Amino acid sequence: MMIRYLRVEWHHDFPEEPVKLYSEIDDEGYELRKVQVFRDERLERADAETETAATGLSEVPIGPVEEIDAQEEFSASTITRAEFEHIWSRAAGPGDEPGPVTR
């Protein structure tokens with residue numbers, strides 16, 4: 001299975017929505033894990049077993065990074081597995097304390 005990792009900045013003024021999204025995506029385009037970063041620097045994560053009221057996996061396949069980046073409200077780029085794992089470990093899991101945003 002080929003896994004890809006994305007970082008998407010969402011340019012908007014909605015106070016309750018995330019401003020950065022990190023995704024681990026399988027070869028069919030489905031998210032396996034996701035981290036969302038909010039304006040207040042809160043991080044939330046989701047995977048197949050766990051989600052929050054604000055953060056869950058997409059139910060539809062994620063398109064190519066070029067298609068996402070072509071949309072005016074998004075800036076998207078691929079990242080390495082190590083970059084994703086770093087933000088994943090900083091995000092709060094069930095019973096964990098959230099870590100600070102470092103990027």
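**Close-up 1. A91 and its contacts.** Leaving out residues up to four places away in sequence, A91 touches V35, L43, E44 and R45, where contact means heavy atoms within 4.5 Å. This is a predicted model, in which local features need pLDDT of at least 70 and side-chain atom pairs count only at pLDDT 80 or more, while totals for chains, interfaces and linings use all residues. Residues are numbered from 1 along each chain as its sequence is written, and side-chain values use heavy atoms, with hydrogens and water left out.

**Close-up 2. The largest nonpolar core.** Here A91 turns up again, in a set of 10 residues with Y5, Y22, V35, V37, L43, I79, F84, I87 and W88. A nonpolar core is a set of buried Ala, Val, Leu, Ile, Met, Phe, Trp, Tyr and Cys residues joined through side-chain atoms within 4.5 Å; buried means under 20% relative accessible area, exposed over 50%, and partly exposed in between (1.4 Å probe, protein chains only). Two elements, β3 (31–38) and α2 (81–90), give two or more residues to this core. The biggest giver is α2, with 3 residues. Helices (H or I, at least four residues) and strands (E, at least two) are DSSP runs, numbered from the N terminus.

**Close-up 3. A76 and the other core.** Apart from the largest core lies another, of 8 residues, including L6, L21, V65 and A76. A76 belongs to strand β5 and is buried, at a relative accessible area of 11%. Its C-alpha atom is 5.7 Å from that of R7, though the two residues are 69 apart along the chain. Setting aside neighbours within four places in sequence, A76 is in contact with R7, V8, V65, I68 and D69.

**Close-up 4. Rings around W10.** The structure has 4 aromatic pairs. Rings of Phe, Tyr and Trp (its six-membered ring) pair if their centres lie within 6.5 Å; planes under 30 degrees apart count as stacked, over 60 as edge-to-face and the rest as tilted. W10 and F14 sit 6.2 Å apart, centre to centre, with their planes at 55°, so this pair is tilted. W10 also makes a tilted pair with F74, at 6.2 Å between centres and 35° between planes. That one links distant parts of the chain, as W10 is in strand β1 (residues 4–10) and F74 in strand β5 (residues 74–78), 64 residues apart. W10 is partly exposed at 21% relative accessible area, whereas F74 counts as buried at 19%.

**Close-up 5. Arginines over rings.** Y5, F84 and W88 are linked into a cluster by ring pairs. R33 lies over the face of W88, 4.8 Å from the ring centre. Over at F38, the charged end of R42 sits above the ring, 4.0 Å from its centre. A charge sits over a ring if NZ of Lys or CZ of Arg is within 6 Å of the ring centre and within 35 degrees of the ring normal.
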